[in-house]
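Hi everyone, thanks for making time. I'd like to walk you through a two-chain model today, so please have a look at it first.

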Amino acid sequence: MAQIFSPRAGLYAWLVLATLGVAAIVAVLAWRGLTAAPFAVDEPVPQPVPFSHRHHVGDDGIDCRYCHASVETEAFAGIPPVSTCMTCHSQLFTDQPLLAPVVASWESGEPLRWQRVNMLPDFVFFNHSIHVAKGVGCVTCHGRVDRMPLTWRAHSLSMAWCLDCHRNPAPNLRPREAVFDMAWTNEDPQRLGTRLMHEYRIDTSTLTECSTCHR
Amino acid sequence: MPSLSADQAEIMAALRTRVGNARGPRYWRALDELIDEPAFRRHLHDALPQVSQLAPALDRRAFLKLLGASLALAGLGACSGPPPERILPWIQQPEGVPDSLPQFYATTLCAGGNVAGVLVETHQGRPTKIEGNPAHPASLGGTDPLLQAAVLELWDPDRSQSPVHQGVASTWDAFATEAAALQRRFEPDGRGLHVLSGTIRSPTLARQRREFLARFPGAAWHQYEAVDEDNALAGAMLAFGRPLQMRLRLDQAAVIVSLGADFLYEMPGHLRHARDYADRRKRVLEGFTGRDPSSAPTPGRLYAIEATPSLTSANADHSWPLAESALPAFARELAAALGIADAAGGPASGMPERRVQAIAADLRANRGQSLLLAGPSLPAEVHALVHRLNAALGNVGRTLDYFEPAEPREASAASLQALTAAMSGGMVEALVILDGNPAYATPGELGFPELLAKVPLSVHLGLHRDETGVACHWHLPATHALESWSDLRAFDGSASLVQPVISPLYDGRSMHQLLDLLTGSGGAPPIDLVRVTWDGVLDEAGWQQSLRQGVIGGSAPHAVGATASAAPSVELSHETQGSDIELLFRPDPHIRDGHYANNGWLQELPKPLSHLTWSNAALVSPRLAAELALGNGDVIRIAANGRELEAPVWIMPGQAERSITLPMGYGRLVAGHVGEKLGFDANALRHAASPWRIEGARLTKTDRHVALASTQQHHRMEGRDPVHRMTLAAFLANPPAKTPERRSLYPPRLQKSGAEGYAWGMSIDLDACIGCNACTAACQAENNIPVVGAEEVRRGREMHWIRVDRYYEGRPEAPATWHQPVPCMHCEHAPCEVVCPVGATVHDSEGLNLQVYNRCVGTRFCSNNCPYKVRRFNFLQYADLDTPQLEAQRNPDVSVRNRGVMEKCTYCIQRIRVARIGADREGRRIEDGEIATACEAACPTRAITFGNVADPDSAVSREKASPRSYALLEELNTRPRTTYLAALRNPNPALEDES
């Protein structure tokens, strides 16, 4: 009787198994890559109220600090209390169904539950105030929020991305008075940045140390 | 282990049988493999607890199965991204409440009988950390472990959350009905209505007591505290005829003689005492090393004579153990030597005459700047005698003064006995217990729980539904001090306000509110109950000022002139029934009378001298242990006055030979998840008439052994020299020269400071350190350090980032004791860094040895290579991530570490970063003293100094320039940034030939 399996069948069997194994690993990695963060870069994040930065910042020209009041003094930029919304919206668009959750929150005292857009792991300690003080513009990390009808993450916020700037901050610096300016541009960011680094006493030798962000 | 030889013989016999019965060849590599049989393992566990821990809990196959499954699951778990996070905004942001910056509120806490002003750090309304209030006279910025643990007490998940009536959950409304009925029932005169509170330290409570007794004239109010000051009170009555209180000024006292008085740790006001004591020593040194040595104050000397070692005797220049029964005789001998004629005669104390004469000569030479102190457990006559001696030495008005207490003082034991007498006589119709646990913390002889069961109506207000709460008809949840309005008086009589820093977490009320409910309608807002007390004293501005400062200005009473009259001479008791062994009762250093039993931080904090955790033990002297063939952990049966208990022993060097100390506070039956069924209950042997000491105890050794969890097994210096110490005379005559810097093969770059010129370093003054553990507790609170439990401590896995080592020197009967806090040394040539395979521990340019948790894979090489053993590994998931209360307690500026990660002292890098960012934002440099690490801030004696060593003018640089400065294990040339200042002692030259 002829042999059912040729001498090479064993090898093929091993190859098939190995391929399956590799495919499984690749599949897992791909899945992991796709699901790593709840929301990908440039993907609008659904919110309980479809708040539009484009409308409030772009159209109405409200300053960032009107709502994110602690950005210059604290680690956390601050999320506006509902009372801030109600300064205008007790008068404007009061009966809009889109605004109903805000009104309901104001009346019931039950806070809104915003979805976090820019998120860092718990072992990273980011401080807004020092970045603002050293001339890093809002746009640098958050993108053109004045063009975002729904807010999305503009950058990966990965460690490599942070380090790119911490190693060479110059191209991302701007004069302090332009930090909150969405449309500010400069022809030669490297030259201006080098001057600002000197002026704002930015020391890159300590910026890439682990203790700068991790503790 | 000679006592185990019989067991071992048995094991060997059984082994031989097994090997003999085996069929064919059977191979084994280790004995425990061979004897792996359930019955045998049990036997092994009884005989050799250490070995049985090594016995495998899993066989190889099960282990591989679990390993495979956990790998697969871990892989799956890694497949999801971080969970989405929500942000919840305020509805209306309160003015002045920042989003992420901490805020500090001044308030006052009473911990273990000691009232101290504190600043409470809150993050978004959550109290997370206690700091001392520099403006408060009883703190001056220092804290102790009990104060540090107050935040954990607030967030304790086992706190009682709602009223309970007859074991069924009830409401305050239901109790209000009961209270109204009570008021009607006791309307005419209140006979049969009894209230039991602790010592009244609150002016508001005193006012409410007056009002209560005015409303119900026939009612009785009792004050009982398990750790009482009855003897001091009775002593003052004997000497002055009025209950005067003593206020010490230790910064003026050169020669101090303490007769069992632990003024550095146990006595109320100890934070202030420790600060004054250490400051004077610093002034002496600064004077001698300064330009004009003649301006230096007289070098101080502390004599401590006591039966059981305390932190005061550990810091004394001369400490001699003496049985407590002989202390009165010693006091009399000293008085006779000082020329108080009527003190002569009576039995001898056994203290060598030359010591008595030497002390007396020292006291006479320092008239007006000496101080005698008697401990709370000594009889009233000794206190009275000490008052006379202080007066005779001209100390009154200089090193101490007296004042009239504003609140009524009452003898605690007598007050309790009046209550129990009324209870057993059936006279108590209703009993209201205000924040106490008498069903546990009363002498067993009184049978309080049985008497309580006979009371027709009992009400208990307390933080926990404890032994008393369970036994009473009504249990009412109390608010924590951080949730309530109140006021408190400190040891020196100065008053300060208690303000809430968070609204009550549960449905609790303060004792002021409960009393308001019992005498009135109960509707008054809690703040009004306190304000009313201060009407006429504090106007609105004064009230605000007192709240902000944390102390009511000018509230300390004036000193009164007092002449101590001759008291009846001290009688020595001679009731040695059966044996000459005396039993001493002491509050546990951390658990106190049991109040803190459910506090994990305090349970795990090593006791300052024994370094025991999670249990108490009967402290015996080395000689008594040798006589009875006792080892640490052997259980003895102690019988006295017809009652008995079993307790594991701990051999305590420096313990008086025939005295056994039984720490209180353990053996709790209803305390919560943490504190139940640990140790033994010393109250069982306590006697109401003499709560501190009983004589004639009989001991029997049992064959039981308890594995006690001690964090330091080594008591000797092992030939090394971790603690540098010298006598003051030797230091002044011949200050040690700086050791020249050794050569190193490491590149020198690490010594350089950062480009901005900061180089962080620390100096710890061993002369100032009293070994109180406040630093360890403060570090635990600040850095989210988990509690691991007794089992893990026995395996040596405690997580404290700063430990306080204790070393003995000399004869075990009366050794010299040294304490040494050991945080991470932040070595410039760090041995841990070179062995980390993943670069998880690295240096930064400011000299910090960093631990990067997100890089750490847990090889533990670093810990292995650390000569100081300051690295701590999360062997298990120690951090509790599930209990919401504990989550709320944590410091949001510090990572919570997970299982498998190494951690260690960071020099409080979060505080450095906050100061750094603040200074950077304002374009200035960080000032000296702007950063205080948690340990430095907590230290009552300012023994720890942290700062920039690159700045020659900084406080830490000045400390490091001292000739006393040295590095731990300097011979290893790790160039630690943490250095020490040598400890000094100033023994009496007349007693040079003895230690």
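**A tour of chains A and B**

Let's begin with burial in chain B: of its 995 residues, 52% count as buried. By buried I mean that 20 or more other C-beta atoms lie within 10 Å of the residue's own; exposed is 12 or fewer, partly exposed is in between, and the C-beta atoms are placed from the backbone.

Some housekeeping before we go on. This is a predicted model, where local features need pLDDT of at least 70 and side-chain atom pairs count only at pLDDT 80 or more, while totals for chains, interfaces and linings use all residues. Residues are numbered from 1 along each chain as its sequence is written, and chains are lettered from A and ligands numbered from 1 in the order in which they are written.

Back to chain B, then. Its secondary structure comes to 32 helices and 40 strands; these are DSSP runs numbered from the N terminus, with H or I and at least four residues for a helix, E and at least two for a strand. The radius of gyration of chain B is 29 Å, close to the 30 Å from the globule rule for 995 residues, so chain B is as compact as a globular protein of that length. Here the radius is taken over C-alpha atoms, and the rule is 2.2 Å times the number of residues to the power 0.38. Along the principal axes, the C-alpha atoms of chain B fill a box of roughly 85 × 80 × 70 Å. Among the contacts in chain B with a separation of 6 or more, 73% are between residues 24 or more positions apart, a contact being two residues whose C-beta atoms, placed from the backbone, lie within 7 Å.

How does chain A look beside that? Chain A has eleven helices and one strand, in the sequence pattern α-α-α-α-α-β-α-α-α-α-α-α. Its radius of gyration is 25 Å, well over the 17 Å that the globule rule gives for 215 residues, so chain A is more spread out than a compact globule. The box for its C-alpha atoms is roughly 95 × 50 × 35 Å along the principal axes, and 21% of the 215 residues count as buried.

Now, where do the two chains meet? The contact takes 44 residues from chain A and 41 residues from chain B. On the chain A side, α1(A) gives the largest share, four residues. That side divides into 22 nonpolar, 13 polar and nine charged residues; Ala, Val, Leu, Ile, Met, Phe, Trp, Tyr, Cys and Pro count as nonpolar, Asp, Glu, Lys and Arg as charged, and the others, Gly among them, as polar. There is also strand pairing across the chains: β1(A) and β1(B), residues 86-87, run antiparallel and are joined by two bridges, with W114(A) partnered by I87(B). Strands count as paired if DSSP finds at least two bridges between them.

Next, a sheet inside chain B. Seven strands make an open sheet with mixed pairing, in the order β6-β5-β17-β16-β15-β7-β8. Its edge strands are β6 (168-169) and β8 (220-223) of chain B, each pairing on one side only.

Is β15(B), in that sheet, mostly covered or mostly open? Mostly covered: five of its five residues are buried. A430(B), V432(B) and L434(B) point one way, L431(B) and I433(B) the other. As a reminder, side chains in a regular strand alternate between the two faces of the sheet.

And what are the neighbours of β15(B)? Strand β7(B), residues 193-197, runs parallel to β15(B) with four bridges, and L193(B) stands opposite A430(B). With β16(B), the pairing is also in the parallel sense, over five bridges, and A430(B) has L457(B) as its bridge partner there. At β17(B), residues 474-477, strand β5(B) joins antiparallel through two bridges; one pair is H165(B) with W474(B).

One more sheet to finish. Four strands of chain B, in the order β37-β30-β39-β38, form an open sheet with mixed pairing. Here β37 (944-948) and β38 (965-966) of chain B are at the edges with a single partner strand each, so one side of each has no neighbour in the sheet. Strands β30(B) and β37(B) pair in the antiparallel sense over five bridges, including W760(B) with N948(B).
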